[in-house]
Amino acid sequence: MGTTKRMTVSQALVEFLAHQWTVDGDIRERTIPGMFGIFGHGNVAGIGQALKQVNVEDPDLMPYHQARNEQAMVHQAVGYARMHRRRGTYASAASVGPGAANMLTAAALATTNRLPALLLPSDTFATRVADPVLQQLEQPWDIGLQVTDAFRPLSRFFDRVQRPEQLYTIALAAMRVLTDPAETGAVTIALPEDVQAEALDVPVEFLQDREWHIRRPLPERGPLARAVAAIRGAKNPFIVAGGGVIYSGAEDQLRALVEATGIPVGTSQAGGGVLNWDHAQNLGGVGATGTLAANRLAAEADVVIGIGTRYSDFTTASRTAFQNPDVTFVNINVASFDAYKHGSQLPIVADAREALTELAIELEGFEVGREYSERIARAKAEWDAAVDAAFEPSGLALPGQPEIIGAVQSTSAPEDVIVQAAGSLPGDLHKLWRVRDPLGYHVEYAFSCMGYEIAGGLGAKRGLLADGDDRDVIVMVGDGSYLMLNTELVTAVAEGIKIIVVLIQNHGFASIGHLSETVGSERFGTRYRQYDGDARNFQGDEILPVDLAMNARSYGLDVIEIHPGASAIDDLKAAVAEAKASDRSTFIHINSDPLIYAPDGAGWWDVPVSEVSTLESTQRAREEYLAQRGPQRPLLG
């Protein structure tokens, strides 16, 4: 008989998680370095007790961190995972009912972004000894259905520990998915509140250190040879670099390939940072929010090489970005689901770093033609000049978002991290932010979740600090997203974790307001205004007397308010410099004019317009929509 240890399910799970290690080449780090938790009656006697016991016996084994919102716990875990290139993440424990349900949005975000997060929502009694208990979901057609079942379609792995003995297989299976780059996302282990506190004899082998080696599959020779032949035959090849390049740590390999071949690169949102902004082959973002330089070259490309990209509708400009009638797509991805996407005839299922290494060898001697090289340089120079102009201070009392971005950019350090997620900022940052570090650009634009920014930025800062890296994390957020979820500012203050928040006050939803105009809805419901009882809408001119700077000050942050005026941009630069010099979290508030837009990148996004309407604005928008939809392709392959 092997040695065992008498423990509760929660105690065993906590100790198990503390001994899991991710290994990526020469890098070895804890897969789960800590746990967030908000306690209720569903987990206070289980996970809560286990964390307390660990804190007394060995505080470093599984550090516990408070959070103020269950959704935000998972956002922090995702931000941490991004900074650690998917090698590590946090566990997030929630109570039954609403506590568990609050994590659903964040579970979808983690899965959509292909970023690992371990979710431990609680369930009601497995024994059903006291049904129905407080916060229990009841469905007469399936009385066993629980709130946690809603995690099934949102998770890459889901299971429920209905008996203590099931813990072993469930925990091991969860770790396999969590550390597999082809499968990772939200990993959910549902824990009934009674089972959490039940005891079992745990084999000590289950509690010992265990290593999970990240798979880096090599490209198969046949698919690689076919892809190389297509690239060698191309006159205008073009690379779309996605987040997979970052997560694989393949920036050096990508840079070596494009410098040897001259092939230009456009990046997805997740791919920001694969090359520094001023690299000769980096044309910036591609697609709906892309640069004019990248989109012009993408439109004429005859071979498009996608590396680690999901090819979302923003990256493909809703399948209008690539207009060469004979275009061929080479899709390199560690996940076959993404490698075969859009009907690609040349998929390569492989790790980005390994595939780029092989491509460099096989493409030795290949270079793009001189004429194409000159067009690349010309397009880049023209776009760089457009960005310079957009960054130029206007002297307006209410500056536009582009010059606000320029002011933050000019005052930040090359290694600083910009964090964003939703609204008009992701589009403007994709076009304008000049990334100078592989980890310097973190825009969550797979789920584009309003409210991610502050929690995700806090998680990113945790990830950096875990590596001894004290660079600044700058969160840029509009007032709409801020009002969705801002309470993790309290967490930053409580733990003394420094982030810089730049809040752009638009008095409404700037992005959707603009989109509302393009679909003929004339910004209806997008302004923050006093309710007009006669018109029964919020379309008047009376701005709400909401003071978000005071709100942030009440949380304990240092607050700098930029007052409207000709010196607003200079004042913003001084504020960012002051915030960087401080060792405390700082909140910078600036008012903007949401009607001043970034330079056009010639990208399009398919948002349908009502086919019939009594509104002339909608009728005009429908005509424009049909014209824009003309170049759309049914497939990309």
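Hi everyone, let's begin on the surface: Phe39, Val44 and Tyr64 come together there as a nonpolar patch, and their combined accessible area is about 240 Å². Please keep in mind that this is a predicted model.

Staying with that patch, where does phenylalanine 39 sit? You'll find phenylalanine 39 in the loop that runs between strand E4 (35–37) and helix H2 (47–57). Its relative accessible area is 33%, so phenylalanine 39 counts as partly exposed.

Now let's go inside. In soluble globular proteins, nonpolar side chains tend to be buried together. Here, the largest nonpolar core has 138 residues. Which residues have the most contacts inside that core? They are Phe238, Ile239, Leu254, Met476 and Ile588. Helix H3 (residues 70–83) supplies the largest share of this core, with seven residues. Apart from this core there is another one, of 39 residues, and Ala18, Ile32, Val54 and Trp212 are among them.

Let me pick out isoleucine 588 for a moment. Leaving aside residues up to four places away in sequence, isoleucine 588 touches a list of residues including Ile500, Val502, Leu503, Ile560, Leu572 and Ala579.

My last stop is a charged residue, glutamate 358, which belongs to helix H13 (residues 352–362). Is glutamate 358 buried or exposed? Its relative accessibility is 19%, and the cut-off for buried is under 20%, so glutamate 358 counts as buried. What does glutamate 358 touch, not counting residues up to four places away in sequence? The answer is Pro219, Arg221 and Leu224. And if you look at leucine 218, its C-alpha atom is 8.6 Å from that of glutamate 358, although 140 residues separate the two along the chain.

Thanks for listening!

How values were computed. Residues are numbered from 1 along each chain as its sequence is written. This is a predicted model: local features need pLDDT of at least 70, side-chain atom pairs count only at pLDDT 80 or more; totals for chains, interfaces and linings use all residues. Side-chain values use heavy atoms; hydrogens and water are left out. Helices (H or I, at least four residues) and strands (E, at least two) are DSSP runs, numbered from the N terminus. Buried means under 20% relative accessible area, exposed over 50%, partly exposed in between (1.4 Å probe, protein chains only). Contact means heavy atoms within 4.5 Å. Patches are made of residues with over 30% relative accessible area and no salt bridge: like charges are joined within 9 Å, nonpolar side chains (Val, Leu, Ile, Met, Phe, Trp, Tyr) within 5 Å. Accessible areas come from the Shrake-Rupley method with a 1.4 Å probe; for residues, only the protein chains shown count as cover. A salt bridge is a side-chain nitrogen of Lys or Arg within 4 Å of a carboxyl oxygen of Asp or Glu. A nonpolar core is a set of buried Ala, Val, Leu, Ile, Met, Phe, Trp, Tyr and Cys residues joined through side-chain atoms within 4.5 Å.
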